[in-house]
Amino acid sequence: SLLVMMEMERKDGVLSIANGVDQRIGRIFLRQGQVIRAKLDKDSSIEGADCVYEMLRWQSGKFSFAAMEVDMENTVGMSTTGLLMEGARRIDEANR
């Protein structure tokens, strides 16, 4: 829901999400509402779209959004819809 809202409003900034279970923090960088980069703090082994897929699995937590200019390379290369559809497919596959 957060990503869809950010896309609809064409937001620029950083969406920070804290996992309610283990307090991991993920950051999603947005430009014009599109996810251009994502990372998990303290875990550099997961990057880009894989970070988004990991965060989509989190069941509880908190989030904040900081509006700012995001001037970095797009390392995700997918639309928000594409990310959400692939994330849903992966979650469904993992639950089988």
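**Close-up 1. The hairpin of β1 and β2 in the predicted model.** Five residues lie between the two strands of this hairpin, and among the residues of the hairpin Gln 23 takes a positive phi near 65 degrees. The strands β1 and β2 run antiparallel and are joined by six bridges, and within this pairing Ala 18 stands opposite Ile 25 in β2.

**Close-up 2. Strand β1 and its pairing with β5.** Besides its bridges to β2, β1 is joined to β5 by seven bridges, and these two strands also run antiparallel. In this second pairing Gly 13 stands opposite Ala 67 in β5. Strand β1 is mostly covered, with seven of its seven residues buried. In a regular strand the side chains alternate between the two faces of the sheet.

**Close-up 3. Helix α2 and the elements around it.** Helix α2, which spans residues 49-56, is mostly covered, since six of its eight residues are buried; these are Ala 49, Cys 51, Val 52, Tyr 53, Glu 54 and Met 55. The buried residues of α2 pack against the helices α1 and α3 (80-94), and also against the strands β1 (13-19), β2 (25-31), β3 (34-40) and β4 (43-47).

**Close-up 4. The largest pocket and its lining.** The volume of the largest pocket is about 270 Å³. Sixteen residues line the pocket, and those closest to its centre are Ser 1, Leu 2, Ile 17, Met 55 and Leu 56. The elements that contribute two or more residues to this lining are α1, β1, α2 and β5 (61-67). Sorted by class, the lining of the largest pocket comprises 11 nonpolar, four polar and one charged residues. Met 55, one of the residues closest to the centre of the pocket, is also among the buried residues of α2.

**Close-up 5. Thr 80 in helix α3 and its contacts.** Thr 80 lies in helix α3 and counts as buried because its relative accessibility is 1%, where the cut-off for buried is under 20%. Leaving aside residues up to four places away in sequence, Thr 80 touches Leu 3, Glu 7, Gly 33, Gln 34 and Val 35.

**Close-up 6. Met 5 in helix α1 and its distance to Gly 33.** Met 5 is found in helix α1, which covers residues 2-8, and its relative accessibility of 38% means that Met 5 counts as partly exposed. Although Met 5 and Gly 33 are 28 residues apart in sequence, their C-alpha atoms are 8.3 Å apart in space. Gly 33 appears in the preceding view as well, as one of the residues that Thr 80 touches.

Conventions
Residues are numbered from 1 along each chain as its sequence is written. This is a predicted model: local features need pLDDT of at least 70, side-chain atom pairs count only at pLDDT 80 or more; totals for chains, interfaces and linings use all residues. Side-chain values use heavy atoms; hydrogens and water are left out. Helices (H or I, at least four residues) and strands (E, at least two) are DSSP runs, numbered from the N terminus. Buried means under 20% relative accessible area, exposed over 50%, partly exposed in between (1.4 Å probe, protein chains only). Contact means heavy atoms within 4.5 Å. On a 1 Å grid over the protein atoms alone, a cavity is a set of points where a 1.4 Å probe fits but cannot get out, and a pocket is an open set with protein on both sides within 12 Å along at least five of seven lines; lining residues have an atom within 4 Å of a point. Grid points are joined across faces, edges and corners, and a volume is the space filled by probe spheres set on the points. Ala, Val, Leu, Ile, Met, Phe, Trp, Tyr, Cys and Pro count as nonpolar, Asp, Glu, Lys and Arg as charged, and the others, Gly among them, as polar. Two strands pair if DSSP finds at least two bridges between them.
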